[in-house]
Each structure stands twice: as structure tokens, then as C-alpha cells.
Amino acid sequence: MKRVGHLFEKIISRENLKQAIETVCSSHRWVLYPRKMNSTVLWIEEDIEARIDELQSILVNGYKPSPVTLKRRYDVNAGKWRDIAEPRLWPDQCIHHALIQITEPVMMRGMDNWCCGSIKNRGAHYGIRGIKKWMLNEKETAWCLEMDIYHFYESIDPQELMNRMKKLIKDYKALDLIERITKNGIQIGAYCSQWFANTFLQELDQLIRNLGATRSIRYMDNFTVFTKNKKDATIILEATKQWLKEHKLSMKNNWQKFNASIRMPNALGYRFGRGYTLLRKKNLLRLNHCLKRFYRRYESGKFITTRFAQGLISRLGMLRHCSSVNIYYRFVKPKVQKKLKDIVRNYYRKEIEKWSTFLELSSATV
């Protein structure tokens, strides 16, 4: 694959930096705890042209990443604690977005068609549709192999990542910027980390396909591979372990290899059968628990937070992608989704009105 050059000039262009600033500010207008308007966003939007000049100066003179704050949070879906990095909004997050906006087309050139997660139009639903279709072909999906990389983000060696990026990019200034950002590792929570992680595993995706995988999907570091027979699944398993070892990574010991006609593959929050799909048991239990909590609070007239309403809407949305008629009859009362959406809608109407009023008062004062 031919390497791409002349990227740094595009990264520091005014149009690119302005787009990056607007993208970051649009999603950080409020500080959650305590609930107030984000003073950094207000400062940036006071004079965007001056901020663009400042960003250009930082990048040209050598960007030095700010110290990153790590916050320990519990991942409900994964069932474990994670150390989430929160880069500073200014200038770090703006620089991360400016970099990815230019390098995204370069990284997408070698991306596998069934690499999902953190890629536009390739979320969990994209993968679910693919697996549903594949499971109808019993011959091509006779055996299933499920694999996961052990502590993937924390274990990626920055030098190994740079070796991969040098195969795609030949602009030494752009490579220097990437090296500065990844010097302390690939951190969960940073916008550019998910792109670097997907790019790092491109060669492994290709290796799996070349070894006889009839169908294969990867959601970040979780692999679901289908083969015609047990032998091909074993070859892919051993080759994957070897590739990970060569790149200073390792596989979790909970890998699974089984006959997909006897046991249902488990991926993306669902279990997939031949012509039908079931919600994973733990997701069903959480949905039932959240619904009961909502019914109690709503019927007693207690306050329901917007965050809880958004989470329950998301869980109810999972039922649209599986065989869920019986679940609706048993657990979901009429007009539940409408009530939840009204809570979220009313909240954001007030937020938009408050923000607009504040900007009008600010402009009038100036």
C-alpha cells in the first residue's frame, strides 16, 4: 500500500482546526457535576479566530500533551472497572480531532469491512445484521471461534503502533505528532485512541481472513470468527496467538471454539441462532430491573433523571434487533418509550433555551 504524505499542512489548516474546535465545543457545553456552563467552551467561542492562531502555533512549535487525568469508572456491560483518560478540552482534545479528521481516510484504506466499533456507520447494529445473515448459511458458519485480547489498550506498545503508522504515512511531521500523543500509551477515553487501536489490528484481520475464515467480525478487540470446520478454527486460533505474541500482546484465556449448530454464538450483546436472535441473559435481567424501577418511581410521582431515562431508552432499543415479542408482552407496559422520550425532550428544551439566553445576554453585555 502506497504511503501518504503532506498531511501536516492539512492538519494545521484553518478550516480543519476550526472544524475540530466546533466539534469539540458542541459536545462540551455543560459541566455535569456541578451542573453549569463550561467556562472553557465559553472562552474558546469568544474569539475562535484567535484560538485557531493559537492552535497553529502550538502544532508548529511542537505540541506537548498536557498531563492526563485518569478516572476509575465501572463498565456495566463489561462487568469490570476501567481507568478512563480525560484529556484536557483545550488544546488536547481539539488537536486530537484535528489529527483524526485528516488521517481518518488514510487509516480507513486498509480497514476490514467487518471491523466495527468507533467507526462511522459501523456500530453494533452493523455487526448484528451481518451475523444474522451469516447464520442462515450452515455450511459457511459450521464452527465459531470467539477471542478477546487481554488488556488491549493498556498493552499496546507505542513503538509497535508507530511501526504500523509508518507503513501508512510518510509525512514525518504528522508521524511526530502521533508519536507525541501516544508516547504514554493508548489510553481509553482519548478520541484518537480508538482509531489507533483499530488501525493497529488491521494486519491481524487480514491474517484471519487468509487462513480460511469464511466470515469474521471484530468489535474493537473482540473477535467472532466463523469457519467451515474445526481444523480451520484451530489454525486461526494458534496463528492469532502467535501474531499477538510477536506484537507484545496476549489473548484472554476465555476463548471459545465450538460447533455453531449446537451452541449459539455470543456477540455484541446477543446470542445468534439459525434464523432467530436472543438477547443475552444479563442484558435481559438489567432491562427487567430498570423497567421495574421506572414503574415504581413514575407511579409514585418521584423524579426520574434524564440519564436514567436515556439509559432505559437504549436498553429498550436493543429489543428491536432480536426475537422480542414475548419480552414486550411480559415486561413492557404501553407508552413506556413515549414517557421516557418526553422526559429527555423536555430536559433538552430547557438546556437549549438556557444556553441561548446566556449567549444573548453575553453578546448584549459586550
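Analyst: A working rule for this predicted model: a residue is buried under 20% relative accessible area, exposed over 50%, and partly exposed in between.

User: Why does Tyr 74 count as partly exposed?

Analyst: Tyr 74 has a relative accessibility of 45%. That value falls between the 20% and 50% limits, so Tyr 74 is partly exposed. The residue sits in strand 3, residues 69-75.

User: What makes Tyr 74, Val 76 and Trp 81 a nonpolar surface patch?

Analyst: Members of such a patch need over 30% relative accessible area and no salt bridge, and nonpolar side chains are joined within 5 Å. Tyr 74, at 45%, clears the area limit, so it can belong. Tyr 74, Val 76 and Trp 81 together make a patch of about 330 Å².

User: Which residues gather in the patch of positive charge on the surface?

Analyst: They are Lys 292, Arg 293, Arg 296 and Lys 302.

User: What makes Lys 292 fit there, and is Lys 292 buried or partly exposed?

Analyst: Lys counts as positive. Lys 292 has a relative accessible area of 46%, so it passes the 30% needed for a patch. The same 46% lies between 20% and 50%, so Lys 292 is partly exposed. Its place in the fold is helix 13, residues 281-299.

User: Why is the contact of Arg 14 and Glu 49 called a salt bridge?

Analyst: The cut-off is 4 Å between a side-chain nitrogen of Lys or Arg and a carboxyl oxygen of Asp or Glu. In Arg 14 and Glu 49 the closest N and O atoms are 2.5 Å apart, so the pair qualifies. This pair links distant parts of the chain: Arg 14 is in helix 2 (residues 14-26) and Glu 49 in helix 4 (residues 48-61), 35 residues apart.

User: What makes Arg 14, Glu 49 and Asp 53 a network?

Analyst: Salt bridges link the three residues. Arg 14 also pairs with Asp 53, the closest N and O atoms being 2.5 Å apart. Arg 14 is in helix 2 and Asp 53 in helix 4, so this second pair ties together parts 39 residues apart in sequence. Arg 14 is partly exposed at 30%. So is Glu 49, at 40%. Asp 53 is partly exposed too, at 41%.

User: How do you know that Arg 218 and Asp 205 form a salt bridge?

Analyst: Their side chains meet at 2.8 Å, N to O. The limit is 4 Å, so the pair counts. Arg 218 lies in strand 7 and Asp 205 in helix 11 (residues 202-210), 13 residues apart. Both residues are buried; each therefore has under 20% relative accessible area.

User: How many salt bridges does a search of the whole structure find?

Analyst: The search finds 17.

User: Why does Trp 195 count as buried?

Analyst: The relative accessibility of Trp 195 is 3%. The limit is 20%, so Trp 195 is buried. It lies in helix 10, residues 191-200.

User: What makes helix 10 mostly covered?

Analyst: 8 of its 10 residues are buried. Among them are Cys 192, Phe 196, Ala 197 and Phe 200.

User: Why do strand 5 and strand 9 stand at the edges?

Analyst: These strands belong to an open sheet of 5 strands in the order 5-7-8-6-9, with mixed pairing. Strand 5 (115-116) and strand 9 (256-259) each have a single partner strand, so one side of each is left without a neighbour in the sheet.

User: How do you know that strand 7 and strand 8 pair?

Analyst: Pairing needs at least two bridges. Strand 7 (residues 215-219) and strand 8 (residues 222-227) share 5, in the antiparallel sense, so they pair. One bridge joins Ile 217 to Thr 224 of strand 8.

User: What makes strand 11 and strand 12 a pair?

Analyst: 3 bridges join them, and two are enough, so they pair. They run antiparallel, with strand 11 at residues 270-272. Tyr 270 has Leu 279, in strand 12, as its bridge partner. The open sheet has 3 strands in the order 10-11-12. Strand 10 (266-267) and strand 12 (277-279) are its edge strands, each pairing on one side only.

Conventions. Residues are numbered from 1 along each chain as its sequence is written. This is a predicted model: local features need pLDDT of at least 70, side-chain atom pairs count only at pLDDT 80 or more; totals for chains, interfaces and linings use all residues. Side-chain values use heavy atoms; hydrogens and water are left out. Patches are made of residues with over 30% relative accessible area and no salt bridge: like charges are joined within 9 Å, nonpolar side chains (Val, Leu, Ile, Met, Phe, Trp, Tyr) within 5 Å. Accessible areas come from the Shrake-Rupley method with a 1.4 Å probe; for residues, only the protein chains shown count as cover. The place of a charge is taken as NZ of Lys, CZ of Arg, CG of Asp or CD of Glu. Helices (H or I, at least four residues) and strands (E, at least two) are DSSP runs, numbered from the N terminus. Buried means under 20% relative accessible area, exposed over 50%, partly exposed in between (1.4 Å probe, protein chains only).
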